[in-house]
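Biologist: I'd like to learn how to read a protein structure. Could you walk me through one?

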Amino acid sequence: MIAIIKKDADRSSVDNLVSWIEKKGLQAHVSQGENELIIGLVGDTTKIDPFLLESMDIVERVQRVSEPFKKANRKFHPADTVVDCGHGVKIGGNHFQVIAGPCSVEGENLIRIARRVKAAGATMLRGGAYKPRTSPYAYQGMGAEGLDLLMEAAFELDMPVVTEIMDPRDVQLFVDKGIDVMQIGARNAQNFPLLKEVGKTRTPVLLKRGMSETVDELLMAAEYIMSEGNPNVILCERGIRTFETRTRNTFDLNAVPVLRYLTHLPVVADPSHATGYTRYVVPMALAATAAGAHGLEIEVHDAPDTAWSDGAQALTPDMFDDCMRRIALIREAIDPSAEA
Ligand code: PEP
Ligand code: MN
């Protein structure tokens with residue numbers, strides 16, 4: 001961290017600032033340039049609030065030289081992290097996976113949809129048993145019974161399940177049921193008690209980007225999970241809120257290469273929530289694959305017009321078959337050596 005000092009600052013104020021920094025356990029390197037005086041802060045800069053420093057009378061501005069996310073940072077961990085999701089399915093590095101299934105677990109149709117997505121080549125099954133709905137009167141999910149249906153499907157099809165957790169008090173239930181991957185949705189992206197609680201397990205976490213969350217905030221949310229001891233974090237770009245109204249969200253595909261540059265964690269993209277309309281899901285699934293995502297999360301329903309949530313963005317199993325064929329072609333084109 002660097003503090004650039006105002007031109008008119010007197011020597012004693014600079015000395016006071018230097019001793020304030022040193023009292024925090026950091027070193028302060030003062031260097032007088034031709035035009036400005038700069039103080040370089042060396043050490044554990046998490047002990048310094050950059051906004052507080054910038055608010056000081058003699059400070060012109062503060063610049064960070066290293067990011068506040070450490071465990072998620074590629075600088076300290078150059079190789080891609082590969083997360084083992086169970087049932088022999090790994091994601092990250094050269095391992096690309098497609099997570100597919102209905103938005104909500106609704107009952108006996110789950111296994112029918114699951115068989116179809118597996119046959120099409122999906123390697124992980126999704127379905128929400130606890131649904132974060134904008135309206136308290138909308139379908140809230142089957143709860144623990146829905147988790148059981150997911151686990152039965154996982155057993156029959158030998159594939160890991162991904163399902164959303166909303167409440168820190170449910171973490172033990174998810175672990176006891178053997179849920180393979182806990183999803184933290186956009187609405188809970190910065191629910192810090194929840195992030196910490198899943199961080200105390202070793203269960204992989206699919207962490208979705210919040211609706212108005214910056215890439216840095218997403219990485220700091222990952223840091224919350226990792227700092228509690230759980231290294232198994234998978235990031236997910238699922239669209240952000242912008243002024244555009246033609247799609248449910250704006251798919252920030254930039255985030256895919258940006259995240260791949262900044263972090264070693266696997267990066268998944270969700271073209272279903274990012275677009276909100278069935279007709280746009282396949283092109284954006286292909287685009288996200290081409291952009292270098294390590295995986296996709298896609299909603300599939302065998303009767304979208306009767307779906308209890310997000311029917312408007314669901315692919316039918318036939319559409320999903322076609323989507324998977326085209327994803328394979330894109331993968332082959334961008335990296336012929338990549339393994340599934
Ligand atoms: C979901 O995956 O069904 C979901 C609610 O996603 P998001 O949190 O990205 O809106
Ligand atoms: Mn959904």
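Modeller: Let's go from the whole chain down to single residues. One thing before we start: this is a predicted model.

Biologist: Okay, what does the secondary structure of the chain come to?

Modeller: Begin with the inventory of elements. Here the chain has 11 helices and 14 strands. Its C-alpha trace spans about 75 × 45 × 40 Å along the principal axes.

Biologist: And how do I read burial? What share of the residues in the chain is buried?

Modeller: A residue counts as buried when its relative accessible area is under 20%. In this chain, 51% of the 340 residues are buried. As for the outside, the chain exposes about 15600 Å², and carbon and sulfur atoms supply 52% of that area.

Biologist: What about contacts along the chain? How much of them comes from residues 24 or more positions apart?

Modeller: You look at contacts with a separation of 6 or more, then ask which of them join residues 24 or more positions apart. Here those account for 67%.

Biologist: Charges next. How far apart are the mean positions of the positive and negative charges?

Modeller: You take the mean position of each kind and compare the two. There are 37 positive and 47 negative charges in the chain, and their mean positions are 1 Å apart.

Biologist: Now helix packing. At what angle do helix H3 and helix H4 pack?

Modeller: For a pair of helices, read the angle, the distance between axes and the handedness. H3 (residues 109–120) and H4 (residues 144–157) pack at about 35°, with axes 10 Å apart, and their crossing is right-handed. On the H3 side, the residues that meet H4 include Leu110, Ala114 and Arg115; on the H4 side, Leu149, Ala153 and Glu156 are among them.

Biologist: Let me zoom in on one of those. Which residues does Glu156 contact, leaving aside its neighbours within four places in sequence?

Modeller: Ile111 and Arg115. Arg115 is 41 residues from Glu156 in sequence, yet 9.1 Å from it in space, C-alpha to C-alpha. Glu156 counts as partly exposed because its relative accessibility is 44%.

Biologist: Which residues of helix H10 are buried?

Modeller: Go through the helix and pick out the residues with little accessible area. In H10 (residues 278–290), they are Val281, Val282, Ala285, Leu286, Ala288 and Thr289. These pack against strand E13, helix H9, strand E14 and helix H11.

Biologist: Is Leu329, over in helix H11, buried or exposed?

Modeller: Leu329 is exposed, because its relative accessible area is 61% and the cut-off is over 50%. The C-alpha atoms of Leu329 and Leu286 are 9.3 Å apart, with their positions 43 residues apart along the chain.

Biologist: Last one: backbone angles. What is the general rule for phi?

Modeller: Most residues other than glycine have a negative phi. So a positive value is worth a look. Gly292, just after H10, has a positive phi of about 105°. Asp158 is not a glycine, but has a positive phi of about 50°; Asp158 lies in the loop between H4 and strand E9. Asp310, also not a glycine, has a positive phi of about 55° and sits in the loop between E14 and H11.

Biologist: And how accessible is Asp158?

Modeller: Asp158 is partly exposed, with a relative accessible area of 46%.

Methods. Residues are numbered from 1 along each chain as its sequence is written. Chains are lettered from A and ligands numbered from 1 in the order in which they are written. This is a predicted model: local features need pLDDT of at least 70, side-chain atom pairs count only at pLDDT 80 or more; totals for chains, interfaces and linings use all residues. Side-chain values use heavy atoms; hydrogens and water are left out. Helices (H or I, at least four residues) and strands (E, at least two) are DSSP runs, numbered from the N terminus. Buried means under 20% relative accessible area, exposed over 50%, partly exposed in between (1.4 Å probe, protein chains only). Contact means heavy atoms within 4.5 Å. Accessible areas come from the Shrake-Rupley method with a 1.4 Å probe; for residues, only the protein chains shown count as cover. Lys and Arg count as positive and Asp and Glu as negative; His and the chain ends are not counted. The place of a charge is taken as NZ of Lys, CZ of Arg, CG of Asp or CD of Glu. Axes are lines fitted to C-alpha atoms, for helices over the stretch in contact, and angles run from 0 to 180 degrees between N-to-C directions. A crossing is left-handed if the near helix is turned anticlockwise from the far one by less than a right angle, and right-handed if clockwise.
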